[in-house]
Every structure is written in C-alpha cells, then in structure tokens.
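Here is a short tour of how some helices and strands pack together in one chain. Have the coordinates open in your viewer as you read along.

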Amino acid sequence: MNPEVQNIVAAGKLPAADGEKLSKLEPGTFVLHKSWGVGRIAEWDLLGDRLLIDFEGKPGHPLKLTFAISSLEIISPDHLLARRLADLDSLKEMAAKNPPALVELALKSSGNTLHLDDLEKLLKGRIVPDADYKKWWEAAKRALKTHRHVVVPAKRSEKLVLRDQAENAGTQMVKSFLAARDLKTKLATLASIQKDIDLFSDPKSELLPVFQDISDSARKSVKLNLKECLQLLLARDELIESLSSTAPMGSMKISDLITETKEVLADSIKGLSASLLGRIYRAFPEAFPDRGWVPEILHHLTKTGGRAVAEIATVLDANDELDVLADALKKSLRNRMLSADLLIWMARERKGLAESVFDIDLGHAILGVIESDHMEGGPKRTGRLQDLLSDDKTLLGEMVAEAEDEDVRLLAKRLINGSLFDELTRRSLMARIIKVRPEMEAMMDENAGSHKDDSLIVSWESLEKKKQELEDLVNVKIPENKREIQIARDEGDLRENGGYKAARDQQSVLLRMQGKMERELRNARGTDFANVPTDKVGIGTIVDVEDIPSGEKETFTILGAWDGDLDKNIISYLSESAKALIGKAVGEELELPTDSHHITRKAKVTAVRAFKP
C-alpha cells in the first residue's frame, strides 16, 4: 500500500480495502469511466480528498477519492483507448497503413470479441474521420481476408472474433461452436466453419463433435426454437454432403423433426429461403412413408408463403403426384381457400406445373380475393394480385380463350362493375378480353347494367348424367391415366419417352375436362319444365314453325343446356336457333339460323305448347 495512503487508512479516514485500490490509481495510470470515458490519473490531492484526472476532452477533472475508487476501471497502457488518449497520431497512422493491425488491437482491448457497432464507436471520429469510416471499413474487411485468426461476421448483428494464433484455427472454431449457448450463435459459427473448411486438416473426423452437438441441441430445443433447429440440421446436412461424409449414428434427421412437429411446422418455417424450404419438403416422403406425405405436404399449400408453393409443386412433380396437386388446387379454387401467393404462382406457372388447372376459374378466384380484401378495410394485402392482372399483358386473354361465353361474360361483368381498379385500368383489362374474344364487346354492350341470372337451366336427367360423367372421369379415367404415366415413367429416360409425353398430355386434357364439368355443375339449376307458360316461346316449350318461302313445317323442343338432340329436334335454350325463337308469340315472324355461316331463313311461329316429359 502507498505510504501516504497508509497514513490515511491508519487515521481511520479510509477503509483498508479502499486504500489498496487507491494505491493502484497512482499518477500516470490509465482508467476508464462509464460516463467520461478514458482518462489518465494526473495527480493526487489526498489532503483535498480528490484525484485529478485528464479525461479525453476534459483535462484536470477532480473526483472525490471514494467516488474514484468505486467508479474507475484501470486499463493497460496497451489498450486501444489508452493509446488513443496518449498517442493518437500513431493510431491514425496504423489506420492508414495497417487496418488489420488496428482491428486486432481493438479486439485485444475488448476481450477478443467485438460487435461492429462497438468497433465503430472506438474508431470513428477520433482515429478514422466520420466521412471516411465506411470506405475505411470496407478496405479493412478486404485486407482481413488473409488474416484467418480474425473472423469477420457475415451479419452486422454478429461479432468480430480474434482467435488464438497458437492453436489450430479449425480446433478453435469447433471449440467456439461447442461453447455457444444459443442456436443462433451455433448457426453463425457453423457458417464460419463451412466458409473456412480448408482450415481443417481432416474435417470429417474433426467435425464429428459438432455434428453430434447439433443433433443433441435440436432434440433439446425443438419445442421452443423449431425454426432454428431446422436451419441447424439443414446446414449440418449441407456441410456433410459437401464433405461426402455421414452424420454420427443415431443423429436426429430432418425427417424426424418434420414428423415430430407436423402440427406446427407450416407456421414455423415461414420466411425461410426457397433453398431451405426445398430441402425440408424433399424430406416429406421419408418423414411420412406410404404416400402419407402427400396430404401432409398439400396442407402446407395454403399455409405457407409464395416460396413454399413452388417447392411443394416441384416435390409433387418429382414424385409423379401432379394430379393430386391439380385436385387440391381445384378444390381450393372452388372453396376460395387460395392465398394471394398461391394464386400468383398458378398464374406464373400456367405453362408449367399449373397448366392443368389454369382456366377462367383462376380469374374469378383472383377477383374474389381482391374483393374480399377491399371489403374488410384496413391495409390492403392484395396489391401484388392487382399488379399481376395489370402487368401481365397476356394473362386475362389466356384465361378466357377457351372459356364458355357465360363464364367470360361474368368475369367481364365483375371487372366492369367492380371498384377494384380505376377506370383506365378497367378499360385496359377489358380490351385484353375483347382482343381474344371479340364477341364480348357486343355482349357487354347488351348486358351493361343488367343483372342476368348466370345459372344454367338443365333437366334433372341431364344433371344426373353430367354428375355420372364427372364421377367416371374422376374415379376411372384420371386414375387410369395416372397408371399409364407411372408405367411410362418406369421405362426410363423421359426425354425420349413418347408414351410418357402422350400420357402427360392426356392428363392435361382430362384435368381441363374435370374443371369444365365442375364449373358447369356449380352453375346448374335442375328443373322438370312443369307449368311453363305457353303464350310465348320459352324454355320447356314445343314450338311449330313454318318456313315462309317454302311453307315447310318444322317442330322444335326447347329444353335445358345439356338436353340437345338434333335427331329428335330437341335444342338447348343456349343454341342460336333457340335464342331466335324464345320470346316470340304465335304468328310472329323471325330469322332462323341455317347451317351456312351468317345466313338465316325467314319463318313464322304457328303453335306453342308445353313440353311433357
């Protein structure tokens, strides 16, 4: 203990423990204060009960003895802050000529680890000018690439690390990984290991403790940190694959984790990159064997974001389950259960994986989601869907190209009468429909402001027949086609396999047929044509007509949309002949269409009576 301090202690003015601390704060000692920063003891004034300290920017500042003893931390003269106070010019020269040395000094002064923000606080403004710091740090990072004992983080939230140069760098990284207490730190350390794998002399054996620790950590943390556990296992597998190695026996696999967490998996993996999602979904067949993975992966279609949709579709395609995907998408379209992400994917993949289910129903679904979003109020979540319709110049045209007139009319009506788009955009969208379906221009003029019933009128018999046709298609023809695809697939090289291509083309045709039938059945309204009025020609009537020039007589029975039978002169009310006849009374003349295009013949209605089944 300093003799002068010992006298104060002996006089009872200072406790012995404080006397020991004060003796170390002799003039010339560098100290750190949490408020005033770095300083150097200038002199003692024991009689005045104070120390005088030259702080950075505040020289000769007095502190009471007891306060100084409790608030000052002694630092080494080699500490960056001490050198910044005592010899700033030499540090400026180091920053200019040897940036890595300055970074190492900062790390040594901070316990060998340092956040980038803290490094900036140490250097910026005093050692490196404010305006030059960003450029200086970029140059320092490039220079540090050759200094393997300094680990520069990939993310700003992670720390710079100074490794012990006396110890093998690979061994240090393994120790750092095993010492990490949380999964995020382990992930960052594993990324460093993968980046610097060349620092290991025998990575397969040296990394076994890391692989085992990953498995153990995942098992312990799966309930609380599922997302991080998945990332850790995926990063491990990627590293193992790059080494052509294997995980230790009994290690936890991705498929194990998927099986264990299937109830919450979809919500937990949102936000992962497409590559990671792809690896997760490729593990589904192993996680849920015997095709149990198919319903599990389909469950994710409407739960996860846009990145997941493409990866799920790719996995289903690779396992020859595209028809199952098509069924799921069609069901979701019918029930309006599709997210904006999924609708966007279907539109963009209309010439690829989603080709078999791309039709006008997708347009109705897109408008439905946008309409629902607008009705709910609050922040709009469907901007990308609206942009898709506006920006994709061919999308609407391709949707309506092969659609039924009534479906196109309804879609156009929703566009025109809705408030989803401004007037200019509505006109542009309608122009794209009319370009492909010119007849819609006249139809829209005729139906402007009308509220025509969009349902299909059909007889009960034709309705049942249509249902049976759909059932046969779904339960017989589509499964048979799937078997043909599998047989052709088993034959080998698909690029030269004509049978496989033909079966796949047939699959697209069958799925389109299924979509059309399902749309028609949704709009169908069965009737027995009982009690129909006969004052004018209408649906469910038998009408006699006489050809005016020749006097020849002909009888037409006008029934439902699917009841046409030319051999019996039964015509659908949607046919051109029926449209010309409907609404006419006995004695009225009309122009009946002929087999020749755009040529009509003059006829007169001579009798109207009710159809009796």
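## Helices over a small sheet

In this predicted model, helix α6 (residues 99–108) lies across β6, β7 and β8, and runs at about 90° to β8. A second helix, α7, lies across β6 and β8, at about 85° to β6.

Underneath this description is an open sheet of 3 strands, ordered β6-β8-β7, with antiparallel pairing. Because β6 (113–115) and β7 (150–151) each have a single partner strand, they stand at the edges, and one side of each is left without a neighbour in the sheet. The pairing of β7 with strand β8 (residues 159–162) is antiparallel and runs over 2 bridges. If you would like a specific pair to click on, Val 151 has Val 161 in β8 as its bridge partner.

Now to the helix pair. The axes of helix α7 (residues 116–123) and helix α8 (residues 133–144) come within 12 Å of each other, crossing at roughly 120°. That angle makes α7 oblique to α8. The crossing in which α7 passes α8 is right-handed.

Which residues of α7 and α8 make the contact? The table lists them by helix.

| Helix | Residues in the contact |
|---|---|
| α7 | Leu 116, Leu 119, Glu 120 and Leu 123 |
| α8 | Tyr 133, Trp 136 and Trp 137 |

By class, the contact of α7 with α8 holds 6 nonpolar residues, no polar ones and 1 charged residue.

Methods
Residues are numbered from 1 along each chain as its sequence is written. This is a predicted model: local features need pLDDT of at least 70, side-chain atom pairs count only at pLDDT 80 or more; totals for chains, interfaces and linings use all residues. Side-chain values use heavy atoms; hydrogens and water are left out. Axes are lines fitted to C-alpha atoms, for helices over the stretch in contact, and angles run from 0 to 180 degrees between N-to-C directions. Helices (H or I, at least four residues) and strands (E, at least two) are DSSP runs, numbered from the N terminus. Angles under 35 degrees count as roughly parallel, over 145 as roughly antiparallel, 65 to 115 as roughly perpendicular and the rest as oblique. A crossing is left-handed if the near helix is turned anticlockwise from the far one by less than a right angle, and right-handed if clockwise. Contact means heavy atoms within 4.5 Å. Ala, Val, Leu, Ile, Met, Phe, Trp, Tyr, Cys and Pro count as nonpolar, Asp, Glu, Lys and Arg as charged, and the others, Gly among them, as polar. Two strands pair if DSSP finds at least two bridges between them.
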